[in-house]
Amino acid sequence: MQPAMPHFVVTIEDAFAIGGHFYSLPTMKLSVRGMLLEHFFGSAIVNAAYPQCPIALMKLIDYLVDVLDPKRHQREVRTEVKKHIDMETVALLCVLVHHIEQVGPEVPNEDENDFNTEYWVGRMEYESDFQHACELVKQLCRLCATEDFLEYIKSCEEEFISMAREFNKIKKAASGYKVKLKSLVKLVQGAILERPEMGS
């Protein structure tokens, strides 16, 4: 199924089922919407939390930094990789990971012994990896720094903030939704000014 697809399960006899999901760059925009929906309406629309989600996204960032770093791979390799990667989606992934501590899912809390009630931003794995992931996002933004990528970052950050504010308004949360406005935009702008050749 596509990310954030409404669904329910019907079985005509007793069954034991295991579900799972994964992230894909071509559907990242839907994943971002799904994570924001879970953040604001999780207990009303989902019945499970996925504590490892941010770790998977951080691994995607780590992979992209590795393959695009000129110190690790030759120019031909990086050029070939860029042919198969949509840079707008890369920008969206950067924005999501950069703000991911602000989109932890709201999960059911009726049973405090239920693993689904665990807020993933409080897990040891998240705490130990998040700062490293932020540094990787900065590296990736510098590696991809071009005028086109800057426009993608601006657009993705604006879309992320717009969706968050829309959902926040629907829920009528007590406090307004706040994000680190334009922080990645400034980073990419600085990288372009410092080393204009980086996008090559």
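**Entry 1: the fold.** I walked the protein chain from the N terminus and wrote down its elements as α-α-α-α-α-α-α. That gives seven helices and zero strands. Note to self: this is a predicted model. I then looked up burial, and 42% of the 200 residues in the protein chain come out as buried. I also checked how far along the sequence the contacts reach. Taking contacts between residues at least 6 apart in sequence, I find that 81% join residues at least 24 apart.

**Entry 2: α2 against α4.** Next I picked a helix pair, α2 (residues 53-68) and α4 (residues 87-98), whose axes come within 10 Å of each other and cross at roughly 130°. Oblique is the word for α2 relative to α4, because of that angle: roughly antiparallel would need an angle over 145 degrees. I logged the crossing of α2 past α4 as left-handed.

Which residues of α2 and α4 meet? On the α2 side I listed Leu 57, Met 58, Leu 60, Ile 61 and Leu 64, and on the α4 side Val 90, Leu 93, Cys 94, Leu 96 and Val 97. I sorted the residues of this contact by type and got ten nonpolar, no polar and no charged.

**Entry 3: Ala 133.** I moved on to helix α5 (residues 124-143), where Ala 133 sits. Is Ala 133 buried or exposed? Its relative accessibility is 2%, so I put Ala 133 down as buried; the cut-off for buried is under 20%. Leaving out residues up to four places away in sequence, I found Ala 133 touching Met 58 and Val 97. Both names were already in my notes, with Met 58 from α2 and Val 97 from α4. I looked up the C-alpha separation of Ala 133 and Met 58 as well: 5.7 Å, for two residues 75 apart along the chain.

**Entry 4: α6.** Last stop was helix α6 (residues 147-171), to see if its length adds up. With 25 residues at 1.5 Å a residue, α6 should span 36 Å, and I get 36 Å between its end C-alpha atoms, so the two agree.

Then I went through α6 for burial. The buried residues are Phe 149, Leu 150, Ile 153, Cys 156, Glu 157, Phe 160, Ile 161, Met 163, Ala 164, Phe 167 and Asn 168. I jotted down a reminder about spacing: an α-helix has 3.6 residues a turn, so residues three or four places apart point the same way. Right after α6 I came to Lys 172, which has a positive phi of about 60°.

Key
Residues numbered from 1 in each chain as written. Predicted model: local features only at pLDDT ≥ 70, side-chain atom pairs only at ≥ 80, totals over all residues. Heavy atoms only, no water. Axes fitted to C-alpha atoms, helices over the stretch in contact; angles between N-to-C directions. Helix = DSSP H or I, 4+ residues; strand = E, 2+ residues; numbered from the N terminus. Parallel < 35°, antiparallel > 145°, perpendicular 65-115°, else oblique. Left-handed = near helix turned anticlockwise from the far one by under 90°. Contact = heavy atoms within 4.5 Å. Nonpolar A, V, L, I, M, F, W, Y, C, P; charged D, E, K, R; others polar. Expected span 1.5 Å × (residues − 1). Buried < 20%, exposed > 50% of the residue type's maximum accessible area, 1.4 Å probe, protein only.
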